[in-house]
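Q: Please take a close look at the strands of this protein. How are they paired, and what lies at the turns between them?

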Amino acid sequence: MPSPRRPRYNAGTRAPGAGPGASSRQPEGGRSDVISASKSADAGKTAAPGNTPDNSAPGNSLANVLSFPEPRARRRKRILLGTAGILAVLMTGIIAAAVYSPVLALHTVTVDGTKMLSTEQIQAALAPLQGKPLPQISDADVTALLQPLVQVKAATTQARPPSGLHVHVTERVPVALVRQGTAFQLVDVDGIQLSTTTDPASIPLPVIDGGGGTLPKDMFQAITAVLGALPADILARLSDASAKSVDAVELQLVDGQTIVWGNAGEKELKARVLAALLKVPADPKNPVRTYDVSVPRHPVTR
């Protein structure tokens, strides 16, 4: 049975030569069993540089740290980001190779849509593009080079790898011949001169005659606006176009009939009405000399 007595410590003087961890009291009864506490000599020492303690020794707390696996969502995100980065680098390289590769350099130009111009004229105008990679050629580049050719209204391109370019040309539509002395200018609805000829009979378009002088701009624009609204079959049947004012445009058919058009307003409706009137079978007993569509909802023939 354990003793109920608790150890007692008497005040006293620490014996000479006693260590710092020795007790300064002697137990009662002169007993020699002394309770004392002391630090290990190595516990308070700081490890010298180069003498790193072995953390893998048994009982060391650092050796007992558990390593948890990376969360699945975080690992998946890291893999996706890495894959996306690699793909972006590859795509950049592929695009750069395509844009600057001499393999795709232009060597052949094909053309369609031309009537007034020849294929050779278009190819000659686009000669500065020869040797340029196809991805670097835009519609704007082609349009800029074709600008000196006034017959070209617009142009679109289509790359045909590895070295071909197809150009579709939209030309301006001529609507009349303008008499200039002995020569005749072929013009479109905007009055742009497309070509000249000395044989107006070879071109089935009406002739605009300024009466020996220069036709005023507003009257000229009124006439060309009317001609531009007519379908090609009616335009081919006209012989002359004139105007006393912007509100008094008149057309002459090759068979001598006159068309009173009036101003350029409602020109699409007037063109449809005129087309319908011209399809009415002719009556030999009452031939029509004049078609008046100046008021298109109430046309008159006489």
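A: The description below starts with model confidence and then follows the strands. The model is predicted, with a mean pLDDT of 80 for the protein and 73% of its residues at 70 or more. Over residues 15–51 the pLDDT falls below 50, and this stretch has 25 contacts in the model beyond near neighbours in sequence. Where pLDDT is low, the predicted coordinates should not be read in detail.

Three strands form an open sheet in the order S1-S3-S2, with mixed pairing. Strand S1 (108–112) and strand S2 (152–160) each have a single partner strand and stand at the edges, so one side of each is left without a neighbour in the sheet. From one strand to the next, the twist averages 25°. Eight bridges join S2 to strand S3 (residues 164–171) in the antiparallel sense, and arginine 160 stands opposite glycine 164 in S3. Helix H3 (residues 139–146) packs on this sheet and touches S2 and S3, its direction making about 135° with that of S2.

Further along the chain, strand S4 (residues 174–180) runs antiparallel to strand S5 (residues 183–188), with six bridges between them. The hairpin of S4 and S5 has two residues between the strands, and glycine 181 takes a positive phi near 70° there. S5 also pairs with strand S6 (residues 193–197), in the antiparallel sense and over four bridges. In the hairpin of S5 and S6, four residues lie between the strands, and glycine 191 has a positive phi near 80°. Leucine 186 appears in both pairings: in S5 it is the bridge partner of leucine 177, and leucine 186 also stands opposite serine 195 in S6.

Definitions and conventions:
Residues numbered from 1 in each chain as written. Predicted model: local features only at pLDDT ≥ 70, side-chain atom pairs only at ≥ 80, totals over all residues. Heavy atoms only, no water. pLDDT = per-residue confidence, 0-100. Contact = heavy atoms within 4.5 Å. Pairing = 2+ DSSP bridges. Axes fitted to C-alpha atoms, helices over the stretch in contact; angles between N-to-C directions.
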